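The following exercises concern one protein model and are to be worked with the coordinates at hand. Each task is followed by a solution in steps.

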Amino acid sequence: MLPDRAERRYKMKKPNLKGICAVLLSTAAVFAPASECTRNPFGIVAYAEERSGTVNATNLNVRKGPGTSYSALTRLNKGARVAVLEETQGTDGNRWYKIRYGSTVGYVSSSYIRIGSTATVSDAGFDSQLSSEGFPESYRPMLQELHASYPNWTFKAYKTGLSWNTVISEESKVGRNLVGRENISSWKSTEDGAYDWNNGTWTGFDGSTWVAASREIIEYYMDPRNFLNDSYIFQFMDQSYNESLQSAEGLTEMVKGTFLAGTVSSSGTSSGSSAPGSSSGQATGPAAGPGMAGGGFTDSTVQTSPDAPESESGSQPGGTSGETYVSIIMDAAKESGVNPYIIASMILQEQGAQGQGRSISGTVTGYGGYYNFFNIEAYTSGSMSAVERGLWWASQSGSYGRPWNSVRASIVGGAKWYGENYVKRGQVNLYLKKYNVTSDGTYKHQYMTNALGAAAEGLSLAKIGALKESAAVFTIPVYSDMPSEPRLKPTGDGSPNNKLRGFGIEGFSITPSFVRDTQEYEVSVNSSVSSLKVCAAAIDSSAAIAGAGEIPISDGRNSVSVQVTAENGSVRTYTIKIHRSADGPVYNSAIQPDMNAAASNSSSSKTSSAEGSATGPGMSSASWTTRTSSSSESSSSNKTSTGSSDSSVRVTTGSSSGPAGSGSTSIQPIEQSAANGSPTGTNAVTKGPGEGETKEITGYHAWQVEGPGLGKRN
């Protein structure tokens, strides 16, 4: 494909290049091996054989053309495998690759693709094994590539017996899956109860930071085929403890640079040097409740800058002085039967890479000396904040070694709780922990509402080099009636509001009366009427209206359509069927369409939560734009946001104060109103200088198991 400008010049001059091309191509054939590539006069290099490539950036945009001016078709995760078809000079002067991912063909900056050799030769025996295991054809190319690189790995198909469309419909129910408010609009649901069409705001769930996830982003994160690469495959790894596969050395490698690399102190303060971008001092960091401002265990702990110094091991409060977190977690794994790497990744997600979570500070008023590393039972309840509710539960005498009045008691007891309530119930990996498609409590018994949670944890485990050589077992869900190609990550942004607030015909009454969600109407007019004035007004000022105005009509039946195009490109069509007859009504100047009708017939839930602003809490003053929402739980927390290029991560630190919005409507989770949980963690999108890169900082939602007067949840 030629850049637009070059294409115009080419058409204007209209050179006779037929003979020239023949000579050049002939010359190329003489001097270039057929297995390499062929270059035409316009800088396009077409490969004789497809080359295998790996995405080396987070959320890489695949664009319609070679340059950042072209719109994005989708985004690819780090580690995604693509076929590189050709290379060309982009409109920005840089080199771009034309690639194929599934059936999608587009362009990506060459800076973020690591080229391998030609496509992996299929192992017929292994392919037969995959077939007998029950993997669909669309899974096998990615598994073949993984097998070629990691022959010790075993892949098992988890046959859910569930229809893909049914699963997605269930998981798309409002409140069941959430994303951060700061994400692009196509990631956020516009279903009833999730979005207020009147004022264009999303309803906050248990706080202002989280909103309902769209069907499209849920499809993307639930489609296992998007994560069958060596960066994200670990969300399918068995969570059970296996002494031959998991070791203290591997755990040490995983937690390097985080607070879990340190030792426990009983002094009530953290000491020692912090990792780059963190702050030291008393652990008065983010809450365990919704919108926790802690950085969590994100890509920054997986893909660190090669120039960044390694952090010194610090210490944290609440246990036997000098005891390492690694030793405690290894003991917890042995006692609970849970993989120690899973235990560590959960703690880091819940409490932040540097342990900023207030649930482990040991200094919360009324609960001094108590700890809740997994934020179990941490949700807002009456006058109790999420942190207080979780620590109240941790302070009670009872199951899982409570009260948790030490770091060791909390980690070991929390691991036992998780092993009993999830691993032993058949939710054997991170994916099934997040998306419960097992037969036990299907769709209901899910550890978190964050739609990105399983993928984020899977990525964190990729840091453990020993896992690449181990005999790890991966259990990968398979659904019936799956789409033939992997679902793509949505990229649309801007307001989704494509509804009208007023619609009608001047001088005539339409039937039924206008309601913004009704798209088809009728009107009767006299045969003497030759034209009609169609009036339409959009709710959102950024939406474009086409088809309104003076419309000529003819004898018989006529129809007029008005299209409303939202800022994000989504289109809604309103239609009026016109019946023109001798006995129809004539123009009546007293009949005027109500251009504000939508405000009075809305059925959507209202919310006082507003979109986060670019100058909100945690806004970084560095050169990258960082938007991070914090919870009303967090009053003065420090947090770290990350962004990356293809080879490094840059860390900036900001301070937050107060809620991200003015408040929110608290909507309880699906199915059991008494078992209301809270998502924890922050979800931010950070855009760096690299092409199309973003980082999602993800958090968790631990469902309630029991509590005073609230019973138990399945």
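**Exercise 1. The protein as a whole**

Among contacts in the protein between residues at least 6 apart in sequence, what percentage join residues at least 24 apart? Determine also the secondary-structure content, the burial and the accessible surface of the protein.

Solution.
- Step 1. The model is a predicted one.
- Step 2. Of the contacts between residues at least 6 apart in sequence, 72% join residues at least 24 apart.
- Step 3. The secondary structure comprises 14 helices and 30 strands.
- Step 4. The protein has 714 residues, and 55% of them count as buried.
- Step 5. Its accessible surface is about 27400 Å², with 47% belonging to carbon and sulfur atoms.

**Exercise 2. The surroundings of Arg225**

Is Arg225 buried or exposed? Locate this residue and identify the partners of its side chain.

Solution.
- Step 1. Arg225 belongs to the loop between helix 6 (215–222) and helix 7 (248–255).
- Step 2. The relative accessible area of Arg225 is 2%. A residue counts as buried under 20%, so Arg225 is buried.
- Step 3. Leaving aside residues up to four places away in sequence, Arg225 touches Tyr101, Ser138, Tyr139, Met142, Met482, Pro483, Ser484, Glu485 and Pro486.
- Step 4. Two of these neighbours offer backbone oxygens to polar atoms of the Arg225 side chain: that of Ser484 at 3.5 Å, and that of Glu485 at 3.1 Å.

**Exercise 3. Helix 9 and helix 13**

Test the length of helix 9 against the expected span, and then examine the burial of helix 9 and of helix 13.

Solution.
- Step 1. Helix 9 covers residues 340–351, which is 12 residues. The expected span is 1.5 Å times one less than the number of residues, so helix 9 should span 16 Å.
- Step 2. The end C-alpha atoms of helix 9 are 16 Å apart, in agreement with that expectation.
- Step 3. At the start of helix 9, a side-chain oxygen of Asn339 comes to within 2.8 Å of the backbone nitrogen of Tyr341.
- Step 4. After helix 9 comes Gly352, with a positive phi near 90°.
- Step 5. Because 12 of the 12 residues of helix 9 are buried, this helix is largely enclosed by the rest of the structure. The buried residues include Ser345, Gln349, Glu350 and Gln351.
- Step 6. Helix 13 (residues 453–461) has 9 of its 9 residues buried, so it too is largely enclosed by the rest of the structure. Among its buried residues are Ala454, Ala455, Ala456, Glu457 and Leu459.

**Exercise 4. The sheet 18-23-22-20**

What is the strand order of the open sheet of 4 strands with mixed pairing? Describe its pairings and the place of Ser581.

Solution.
- Step 1. The order of this open sheet is 18-23-22-20. Strand 18 (520–526) and strand 20 are the edge strands, each pairing on one side only. From one strand to the next, the twist averages 20°.
- Step 2. Strand 20 (residues 544–546) runs antiparallel to strand 22 (residues 556–565), with 3 bridges between them. Ala544 stands opposite Thr565, and Ala546 opposite Gln563.
- Step 3. Strand 22 is also antiparallel to strand 23, through 10 bridges. In this pair, Ser559 stands opposite Lys577.
- Step 4. Strands 22 and 23 form a hairpin with 5 residues between them, and Gly569 in the turn has a positive phi of about 95°.
- Step 5. Ser581 lies in strand 23 (residues 571–581). Its C-alpha atom is 7.2 Å from that of Gly556, although the two residues are 25 apart along the chain.
- Step 6. Ser581 has a relative accessible area of 27% and is therefore partly exposed. Its contacts, not counting residues up to four places away in sequence, are Val525, Asn526 and Ser527.

**Exercise 5. The sheet 17-19-21**

Which strands are the edge strands of the open sheet with the order 17-19-21?

Solution.
- Step 1. This open sheet has 3 strands in the order 17-19-21, with antiparallel pairing.
- Step 2. The edge strands are strand 17 (500–505) and strand 21 (549–552), each of which pairs on one side only.
- Step 3. Direction ignored, neighbouring strands of the sheet are turned by 20° against each other on average.
- Step 4. Between strand 17 and strand 19 (residues 531–538) there are 5 bridges in the antiparallel sense, and Gly504 stands opposite Cys535 in strand 19.

Key
Residues are numbered from 1 along each chain as its sequence is written. This is a predicted model: local features need pLDDT of at least 70, side-chain atom pairs count only at pLDDT 80 or more; totals for chains, interfaces and linings use all residues. Side-chain values use heavy atoms; hydrogens and water are left out. Helices (H or I, at least four residues) and strands (E, at least two) are DSSP runs, numbered from the N terminus. Buried means under 20% relative accessible area, exposed over 50%, partly exposed in between (1.4 Å probe, protein chains only). Contact means heavy atoms within 4.5 Å. Accessible areas come from the Shrake-Rupley method with a 1.4 Å probe; for residues, only the protein chains shown count as cover. A polar contact is a pair of N or O atoms within 3.5 Å; within protein, one must be able to donate a hydrogen and the other to accept it, and residues adjacent in sequence count only if both atoms are side-chain atoms. Two strands pair if DSSP finds at least two bridges between them. Axes are lines fitted to C-alpha atoms, for helices over the stretch in contact, and angles run from 0 to 180 degrees between N-to-C directions.
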